[in-house]
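Morning, everyone. I have one strand and one helix to walk through, so please look at the screen.

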Amino acid sequence: MRSNVVVLAAVLCLFLLSPFAVGIRTGPGRITTVNGGRNAFSKLGPFMEAPEYRNGKECASLVNRENFVSSSNDPSLVHIAMTLDSEYLRGSIAAVHSVLRHASCPENVFFHFIAAEFDSASPRVLSQLVRSTFPSLSFKVYIFREDTVINLISSSIRQALENPLNYARNYLGDILDRSVDRVIYLDSDVIVVDDITKLWNTVLTGTHVIGAPEYCHANFTHYFTSNFWSDPVLPGQISGRTPCYFNTGVMVMDMVRWREGSYREKLEKWMQLQKKMRIYDLGSLPPFLLVFGGNVEAIDHRWNQHGLGGDNIRGSCRSLHPGPVSLLHWSGKGKPWVRLDEKRACPLDHLWEPYDLYKHKIERVKDQALLWFASLSELADD
């Protein structure tokens, strides 16, 4: 009996210790050294190298596969824009991993990463880290000049909402290559569990510039202060519309209409007014509500199951909204990688965990497997 238990434990332990157990493989990657040889990735990773995700036969062929990384104007591509910074890098890596894992044509997905000019990790280091994690990923990193928006940002109810990079979505029309006429914008704290092509195929009817899941049961008035509603002019700016709340962490955006309609300038005007008379308490969301509320292409709620990070003050465990799920979004204070590391995870945080490529997580799995093997051995000795 004892020998059978030990053999079973050994087999299971070897399975858990193998990188194949979690569908990933380790690799040396390309290490960049700075500051006299110190590993530039030491505070950001390390991350495991993701599996190779390849197109099926049904996928449209790429026009210029040999020069794919620079050919962002290929009509067969699905364009995704995300921010990239040291604080949320682990979330961004997991989000990319989730998109690739579920995409019907993963090689046709092109990522546009916007990195802050003065992040503690340089855009070059962040770019190299993404490359070492996803060797065959097609992407481009753009440098966002924070001084573009820093003087327009007002204080918010949570300091994290004041990060200039939160406002990069306002400037996509200026940042992205002109050849990119349509893009999906995703926050760094999302996981996609469906084929991203389905979201990409959203039709923006009429003159709609953006598409997003709307939540018309939410009280729109709560997103603005009494200064706004008591003003004799401001409420009239949205009269004639029936605005609904929508979350800006998931949007399909028509960049041609965006540029032609000068929507960056329209958002900036509300931010300038906020600096003068404080008409809202949140960060980058309210200007979008004021500019686009009542004129958004409604997308199925399954594409933004948001609020999983809890409220913006305390953070709390949340459950899913009723209905099917294609994208989970940990908007709010709590982030799944933080709660998992601190061993205070919410139930839904474990849905995020399989996409986490952070190497230290794998080391913890190994440690747990070794402890489990030791306890089985002790049980067999008894």
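First, a caution: this is a predicted model. Now to the pairing. Strand β3 and strand β6, residues 182-186, run parallel and pair over 2 bridges. Where does Ala 81 bridge in β6? Its partner there is Tyr 185.

Next, β4, residues 109-116. It also pairs with β3 in the parallel sense, over 7 bridges. Take Ile 80: its bridge partner in β4 is Phe 111. To get from β3 to β4, the chain passes through helix α2, residues 89-102. That β-α-β crossover is right-handed.

Now look at β3 itself, residues 78-84. How many of its residues are buried? The count is 7 of 7. In a regular strand, side chains alternate between the two faces of the sheet. Check each side here. On one side sit Val 78, Ile 80, Met 82 and Leu 84, all buried. On the other sit His 79, Ala 81 and Thr 83, and these are buried too. Both faces of β3 are covered.

On to the helix. Helix α3 spans residues 123-133 and is mostly covered. Of its 11 residues, 8 are buried. Early in the helix, Pro 123, Val 125 and Leu 126 are among them. So are Gln 128, Leu 129 and Val 130. Ser 132 and Thr 133 complete the list.

What covers those buried residues of α3? The cover includes our strand β3, along with α2 and β4. Strand β5, residues 138-144, is also part of that cover.

That's my tour. Over to you.

Conventions. Residues are numbered from 1 along each chain as its sequence is written. This is a predicted model: local features need pLDDT of at least 70, side-chain atom pairs count only at pLDDT 80 or more; totals for chains, interfaces and linings use all residues. Side-chain values use heavy atoms; hydrogens and water are left out. Buried means under 20% relative accessible area, exposed over 50%, partly exposed in between (1.4 Å probe, protein chains only). Helices (H or I, at least four residues) and strands (E, at least two) are DSSP runs, numbered from the N terminus. Two strands pair if DSSP finds at least two bridges between them. A crossover is right-handed if, with the strands pointing away from the viewer, the path from the first strand over the helix to the second runs clockwise. Contact means heavy atoms within 4.5 Å.
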